[in-house]
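Let's take a walk through this one, a piece at a time. Keep the viewer open as you read.

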Amino acid sequence: MSGVRVLVGTRKGAFVLTSDGKREDWKVEGPHFAGWEIYHMKGSPVDPNRIYASQTSGWFGQVVQRSDDGGATWNPVGNKFAYEGDAGTHQWYDGTPHPWEFKRAWHLEPSLSDPDTIFAGVEDAALFRSADGGQNWQELPGLRKHGSGPHWQPGAGGMCLHTILLDPSDAKRMYIAISAAGAFRTDDGGETWKPINQGLRSEFIPDPTAEVGHCVHHIAMHPSRPGTLFMQKHWDVMRSDNAGDHWTEVSGNLPTDFGFVIDVHAHEPETIYVVPIKSDGEHFPLDGKLQVYRSRSGGNEWEPLTKGLPQENCYVNVLRDAMAVDSLDKCGIYFGTTGGQVYASSDAGDSWKPIVRDLPAVLSVEVQTLP
Amino acid sequence: MMVRVVLPPHLRTLAKVKGELTVEVSAATQRSVLDAVEEQYPMLCGTIRDHATKERRAFLRFFACQEDLSHESIDTPLPQEVAEGREPLLVIGAVAGG
């Protein structure tokens with residue numbers, strides 16, 4: 001019988017949650033790497049037993065862990081992320097030049113075809129690749145050395161490369177997003193990059209329609225339509241139907257269009273999900289009511305999904321990498337909160353229940369649908 | 001000479017060691033001892049000192065014989081008690097946060 005494995009990264013360790021295809025009873029294992037921040041974990045699409053985890057600490061720096069048995073046991077692999085050549089500078093918060101310094105890996109994206117190849121999005125923003133299962137990492141410097149690089153500035157959470165999307169129809173095309181530089185695309189396997197921020201409007205930057213400088217929070221794609229992208233920007237929910245060349249706003253009737261996560265239904269490429277957050281100054285749901293919003297029309301028309309979610313006194317946040325979907329029928333939707341709950345819906349969002357309630361603050365959620 | 005090293009608990013877990021560890025060096029300095037530790041436990045590379053510069057990570061300190069050696073030159077000989085294995089070199093995580 002098919003099953004689901006949910007990989008949860010938290011402020012104080014990693015947790016692996018498993019269930020059969022009914023998704024009613026869950027086994028919770030962890031914490032792995034107790035006491036460390038686990039920014040992200042993700043399994044290889046071609047070998048579900050191969051899972052990578054980004055483990056970080058203000059004291060001890062970066063560690064990358066790899067499991068070859070579905071998360072039962074782990075071994076540290078390479079953690080040397082050296083910028084290619086002269087690292088140069090980017091802009092600091094006050095606009096002065098600041099040296100590029102590696103801080104942590106925010107996102108690990110395994111290749112769609114090779115379990116030993118994996119990409120890492122790091123802070124200060126850069127993209128790295130390993131072709132040997134995480135033992136050695138090389139920067140793809142074309143991104144950081146894009147002409148705009150010296151002008152990138154950190155967002156409030158740091159200057160992180162947090163989103164990596166691999167195009168399943170074109171091995172040379174990849175999308176990434178950086179806070180607060182914006183979105184970029186490569187069509188040549190990472191040699192050269194193009195900013196894809198046309199149509200974004202950010203009132204809080206000097207030029208609201210600048211080519212770079214936008215605080216993109218997350219981007220999602222349905223694998224059957226890799227040219228259609230959905231974005232949760234700092235404010236605004238956006239979509240592009242031409243691989244990011246132009247974006248249009250689809251916030252529609254959302255009660256607030258600030259937020260961090262966005263994801264796409266596994267079987268319906270026009271069904272998307274966001275979790276509206278009150279504002280950039282108040283990172284919690286409106287009126288203390290935790291609501292997922294679903295659009296079945298690719299944006300603009302949204303419906304609140306509340307069944308099973310707390311509708312009073314809820315002041316948690318849902319961070320950018322903390323929502324994921326499974327590919328069972330019906331599609332399962334999962335998200336984690338800074339209050340330590342992981343909520344799951346086994347009916348495409350119609351109803352929710354917590355798998356766990358009291359984990360450390362959740363940083364990331366990924367899902368593996370197992371045969 | 002055999003030098004004893006005590007790591008903070010998180011690094012002991014990472015290196016899969018219990019209690020203190022010992023490394024053999026020809027001359028006991030911070031550099032030689034940490035080189036030996038990293039050679040024996042490569043997963044610790046980058047967690048005590050920077051990969052490239054070999055500078056101590058900001059929130060770690062080195063103590064021995066009740067003295068803070070963190071700002072000593074990395075090539076200064078460690079105290080005789082450490083070199084002779086009578087006292088360990090302590091790698092300590094700073095008490096940071098609130």
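Where is the place of A:Lys194? Bear in mind as you look that this is a predicted model. A:Lys194 sits in strand E17 of chain A, which covers residues 194-195. Is A:Lys194 buried, exposed or partly exposed? Count the other C-beta atoms within 10 Å and you get 15, so A:Lys194 is partly exposed; the buried label would take 20 or more, and the exposed one 12 or fewer. Once you set aside the neighbours within four places in sequence, A:Lys194 is in contact with A:Phe184 and A:Arg185. For a sense of distance, try A:His222: A:Lys194 and A:His222 are 28 residues apart in sequence, and their C-alpha atoms are 21 Å apart in space.

Now hop over to strand E6 of chain A, residues 61-67. Seven of the seven residues of E6(A) are buried, so this strand is largely enclosed by the rest of the structure. What does E6(A) pair with? One partner is strand E5 of chain A (residues 51-57), which runs antiparallel to E6(A) and is joined to it by seven bridges. To find the register, look for A:Gln55, which stands opposite A:Val63 in E6(A). E5(A) and E6(A) make a hairpin, with three residues between them. Another partner is strand E7 of chain A (residues 75-76), antiparallel to E6(A) over two bridges. Here the pair to pick out is A:Arg66 and, opposite it in E7(A), A:Asn75.

E6(A) also turns up where the two chains meet. In that interface, 13 residues of chain A are in contact with twelve residues of chain B. Strand E6 of chain A supplies the largest share of the chain A side, three residues. Sorted by class, that side of chain A has six nonpolar, six polar and one charged residues.

Cross over to chain B next. Which order do the strands of its open sheet follow? There are five of them, arranged E2-E1-E5-E3-E4, and the pairing is mixed. The edges belong to strand E2 (21-24) and strand E4 (67-68) of chain B; each has a single partner strand, so one side of each is left without a neighbour in the sheet. Further in, strand E3 (residues 60-64) and strand E5 (residues 89-93) of chain B pair in the antiparallel sense over four bridges. As a marker for that pairing, B:Leu60 stands opposite B:Gly93 in E5(B).

A helix lies over these strands. Helix H2 of chain B, residues 30-40, lies across E1 (2-6), E2, E3 and E5 of chain B, and it runs at about 110 degrees to E2(B). Which residues in H2(B) are buried? They are B:Gln30, B:Ser32, B:Val33, B:Leu34 and B:Val37. An α-helix has 3.6 residues a turn, so residues three or four places apart point the same way. The cover over the buried residues of H2(B) includes E1, E2, E3 and E5 of chain B.

Back in chain A, there's a nonpolar core to look at. In soluble globular proteins, nonpolar side chains tend to be buried together. The largest nonpolar core here has 130 residues, and those touching the most other members are A:Val6, A:Val8, A:Ile176, A:Ile219, A:Tyr334, A:Val342 and A:Val365. Take A:Val8: leaving out residues up to four places away in sequence, it touches A:Ala14, A:Phe15, A:Leu17, A:Gly336, A:Val342, A:Leu359, A:Val362 and A:Val365.

Finally, some backbone geometry to check. A cis peptide bond links A:Gly30 to A:Pro31, with omega at about 0 degrees, and A:Pro31 is in strand E3 of chain A, residues 27-32. The bond from A:Asp329 to A:Lys330 is cis as well, with omega near 5 degrees; A:Lys330 is found in the loop between strand E26 (323-325) and strand E27 (333-336) of chain A.

Then look at phi. A:Asn313 is not a glycine, yet has a positive phi of about 55 degrees. A:Asn313 is in the loop between strand E25 (303-305) and E26 of chain A, and it counts as exposed, with 9 C-beta neighbours inside 10 Å. A:Ala348, not a glycine either, has a positive phi of about 60 degrees. Look for A:Ala348 in the loop between strand E28 (342-345) and strand E29 (353-356) of chain A. With 21 C-beta neighbours inside 10 Å, A:Ala348 counts as buried.

Definitions and conventions:
Residues numbered from 1 in each chain as written. Chains lettered and ligands numbered in written order. Predicted model: local features only at pLDDT ≥ 70, side-chain atom pairs only at ≥ 80, totals over all residues. Contact = placed C-beta atoms within 7 Å. Nonpolar A, V, L, I, M, F, W, Y, C, P; charged D, E, K, R; others polar. Pairing = 2+ DSSP bridges. Axes fitted to C-alpha atoms, helices over the stretch in contact; angles between N-to-C directions. Core = buried A, V, L, I, M, F, W, Y, C linked by C-beta atoms within 7 Å.
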